[in-house]
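Hi,

Here's the structure I said I'd pass on. Have a look at it first, then read my notes underneath.

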Amino acid sequence: MKLKKFSSILFLTILFLPSCQKPVQELRVESIEFTNIPSRGIKLEEGDIFELKYRITPESLQETAEIKWSSDDKSIASVRKGKISGVSVGTTVIRAACEGGAEASVQVQVMPLEVTEFTIPSALTVPRDESIQVPVTELVPEHATAASIDWSIADESIAEWEISAGSLY
């Protein structure tokens, strides 16, 4: 009989114990702040990467907050886990957002890649009214293309040039 009475008291205690506890409030991100933006803003060359550093408030969520990263124009700059990649020349906005409305954004300008060295033939023979692809080799930096170079022709009455798909014609 004592065992039944003890079991009943234990069952009632377990049943009503959770209702005596205070409800746990779920913390949510109040703000996101980028901490390493240069005073001149973020300027990248095509192919460059910049890693955004940020601070979350409250600080207790710094390591666990889920951040959704986005770019207003992925053809100019993309972002993944705070790492911005310069894709092509232009300006776009990179955003970081958390559930609940906290958001931060920064403008990113992607500039043309500065080519420091390249080689082209010293002379070309092209039949009238035809075009040829001009070999542009030994580009520095390696990921540059002919489109990264500012081209001009001394005498445009003799020839003209065009860039197509990163090649010189």
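Below is what turned up on aromatic rings and pockets.

One thing to keep in mind: this is a predicted model.

Let's start with the rings. There are 3 aromatic pairs in the structure. Take Phe118 and Trp151: their ring centres sit 5.5 Å apart and the planes meet at 65°, which is over the 60 degrees needed, so this pair counts as edge-to-face. Phe118 belongs to strand β10 (residues 117–119), while Trp151 is in the loop between β11 (137–140) and β12 (163–164), so the pair ties together parts that are 33 residues apart in sequence. How buried or exposed are the two partners? Phe118 has 36% relative accessibility, so it's partly exposed. Trp151 has 12%, and because the cut-off for buried is under 20%, Trp151 counts as buried. Elsewhere among the rings, Phe34, Tyr54 and Trp69 make up one aromatic cluster.

Now the pockets. The largest one has a volume of about 810 Å³. It is lined by 27 residues, and the closest to its centre are Val126, Ile153, Ala159, Glu160 and Trp161. Sorted by class, that lining has 15 nonpolar, 5 polar and 7 charged residues.

The second largest pocket comes to about 220 Å³. Its lining includes Glu26, Leu27, Arg28 and Val29, and also Cys98, Glu99 and Gly100. Here the classes split into 5 nonpolar, 2 polar and 4 charged.

Try finding Phe118 and Trp151 in the viewer, then move on to the pockets.

Cheers

Terms used. Residues numbered from 1 in each chain as written. Predicted model: local features only at pLDDT ≥ 70, side-chain atom pairs only at ≥ 80, totals over all residues. Heavy atoms only, no water. Phe/Tyr/Trp six-rings, centres within 6.5 Å; stacked < 30°, edge-to-face > 60°. Helix = DSSP H or I, 4+ residues; strand = E, 2+ residues; numbered from the N terminus. Buried < 20%, exposed > 50% of the residue type's maximum accessible area, 1.4 Å probe, protein only. 1 Å grid on protein atoms, 1.4 Å probe; cavity = no way out; pocket = protein on both sides within 12 Å on 5 of 7 lines; lining within 4 Å. Points joined across faces, edges and corners; volume = space filled by probe spheres on them. Nonpolar A, V, L, I, M, F, W, Y, C, P; charged D, E, K, R; others polar.
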